[in-house]
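Here are my notes, set out as numbered points to read alongside the model. I hope they help as you look around.

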Amino acid sequence: MGNIILTGDRPTGNLHLGHLVGSVRTRVKMQDEGNYDKMYIMIADSQALTDNFDNPKKVKENLLNVLIDYMSCGLDPEKVTFFIQSEVSELTELTFYYMNIVTFNRLKRNPTIKTELALRNFEGTLPVGFMCYPISQAADITAFKANIIPVGDDQLPMIEQANEIVDRFNSIYKCKVLRRCEAVLPETESSFRLPGIDGMAKMSKSLGNCIYLKDDSETVKKQVMKMYTDPNHINIGDPGKVEGNVVFTYLDSFCNDEHFAKYYPEFKNLDELKSAYQHGGIGDVKIKMFLYNILEEVLTPIRERRAELLKHDDAYFMDILKKGTAEARTVASKTVKEVKAAMLLNYFE
Ligand code: TRP
């Protein structure tokens with residue numbers, strides 16, 4: 001079997017720079033390299049409901065936002081199958097069967113789940129569905145026999161758990177129905193998790209610390225100018241800190257030597273700029289303008305594609321999802337048949 005790529009995002013808001021460097025860039029690259037038999041991108045609306053069950057409107061509203069963000073980045077429905085998770089009911093069916101081979105203790109040990117539980121303060125109101133989303137994610141992956149999963153590093157525990165399910169299932173039911181998978185992370189470690197512009201670990205809409213792919217030039221400039229740098233770097237001559245300085249974290253992820261030639265010819269590369277900054281003599285506005293120029297270079301083609309795409313009405317985008325979803329269902333239902341047969345649930349055959 002050839003390479004099958006599958007990945008997705010929860011439709012809970014527009015995509016931001018963190019998504020771009022965390023996984024969308026890798027997906028575009030994979031799409032363009034073409035080293036795969038199939039590439040699926042799923043809009044994980046059912047998963048989004050596991051912690052937004054009381055706000056279905058938010059999930060619905062963001063469905064097309066996310067699709068349009070993807071396509072603005074260059075993901076192409078001619079090459080990629082986009083589909084809606086909730087419309088492939090086979091995924092729910094698989095989740096139910098996999099639940100039997102995962103212990104509750106194992107779910108509680110999943111590091112991503114642990115972090116999210118701490119963040120969300122569920123206390124006595126923790127929904128069972130939320131705890132089970134790693135199982136549902138295993139269903140998403142295995143239903144398509146996907147072996148390559150381009151995601152951010154926060155998803156590694158999900159991939160690990162999916163592989164455990166694959167191994168247990170194949171071993172218990174003495175079959176080779178399910179396929180193991182592998183995460184593909186961003187090329188540079190600085191891109192694993194881009195902090196918010198305030199230096200907080202997570203970008204979130206409610207904190208207002210994101211730069212969105214759809215932001216206009218002026219908004220991007222404002223956000224860059226607000227970025228957290230080094231609070232002790234008060235006068236230009238003061239030595240500045242690079243670690244924890246958001247501008248440098250973003251530069252780590254976005255800039256290359258050509259950007260220096262173009263926008264900052266006093267330096268050859270980021271190492272030189274960093275040591276000059278640490279020494280003292282470089283103002284924050286200067287490095288922020290440099291970053292802003294680079295971000296504009298990244299965001300301009302995305303904005304141009306978006307403007308073209310937005311000439312279409314919603315029906316055009318829904319049609320893309322409809323076609324992709326129909327295709328996805330055909331594939332997933334084949335896997336469900338195999339899974340059920342392995343569990344001897346094939347009475348009428
Ligand atoms: N958990 C992923 C996220 O929050 C979304 C997702 C759901 C996913 N199912 C998936 C990613 C399967 C990769 C593969 O972004």
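1. Let's start with the spacing of the two domains in this predicted model. Taken over C-alpha atoms, the centres of domain 1 and domain 2 are 34 Å apart. As for where they run, the domain assignment gives 4–194 + 314–342 to domain 1 and 217–307 to domain 2.

2. Next, the contact between them. On one side 13 residues of domain 1 take part, and they touch twelve residues of domain 2. About 1,000 Å² is buried between domain 1 and domain 2, with carbon and sulfur atoms giving 63% of that area. If you want residues to click on, try L17, S72 and L194: they supply 48% of the area that domain 1 buries against domain 2, more than any other three residues.

3. Now for the polar side of this interface. The rule finds one salt bridge across the interface of domain 1 and domain 2. In the domain ranges, R306 falls in domain 2 and D69 in domain 1, and the side chains of R306 and D69 meet in a salt bridge at 2.6 Å, N to O. Four residue pairs are in polar contact across the interface of the two domains, with both residues at pLDDT 80 or more. On the side of domain 1 that touches domain 2, the elements giving two or more residues are α1 (17–33) and α3 (56–72). By class, that side of domain 1 has seven nonpolar, four polar and two charged residues.

4. Please have a look at the ligand too. It is surrounded by 14 residues, and the closest are M42, Q47, Q137, D140 and Q155. Three of these place a polar side-chain atom by a nitrogen atom of the ligand: Q47 at 2.7 Å, D140 at 2.8 Å and Q137 at 3.0 Å.

5. Finally, a word on charge pairs in the whole model. Side chains of opposite charge can pair when their charged atoms come close. The structure holds 22 salt bridges, and one of them joins the side chains of D51 and R10 at 3.5 Å, N to O. What does this pair tie together? D51 sits in the loop between α2 (45–49) and α3, while R10 sits in the loop between β1 (4–9) and α1, so the pair links parts that are 41 residues apart in sequence.

Note on methods. Residues are numbered from 1 along each chain as its sequence is written. This is a predicted model: local features need pLDDT of at least 70, side-chain atom pairs count only at pLDDT 80 or more; totals for chains, interfaces and linings use all residues. Side-chain values use heavy atoms; hydrogens and water are left out. Domain bounds come from an automatic or database domain assignment. Contact means heavy atoms within 4.5 Å. Buried area is the accessible area (1.4 Å probe) that two parts lose on being put together, summed over both. A salt bridge is a side-chain nitrogen of Lys or Arg within 4 Å of a carboxyl oxygen of Asp or Glu. A polar contact is a pair of N or O atoms within 3.5 Å; within protein, one must be able to donate a hydrogen and the other to accept it, and residues adjacent in sequence count only if both atoms are side-chain atoms. Helices (H or I, at least four residues) and strands (E, at least two) are DSSP runs, numbered from the N terminus. Ala, Val, Leu, Ile, Met, Phe, Trp, Tyr, Cys and Pro count as nonpolar, Asp, Glu, Lys and Arg as charged, and the others, Gly among them, as polar. A residue is near a molecule or strand if one of its heavy atoms lies within 4 Å of it.
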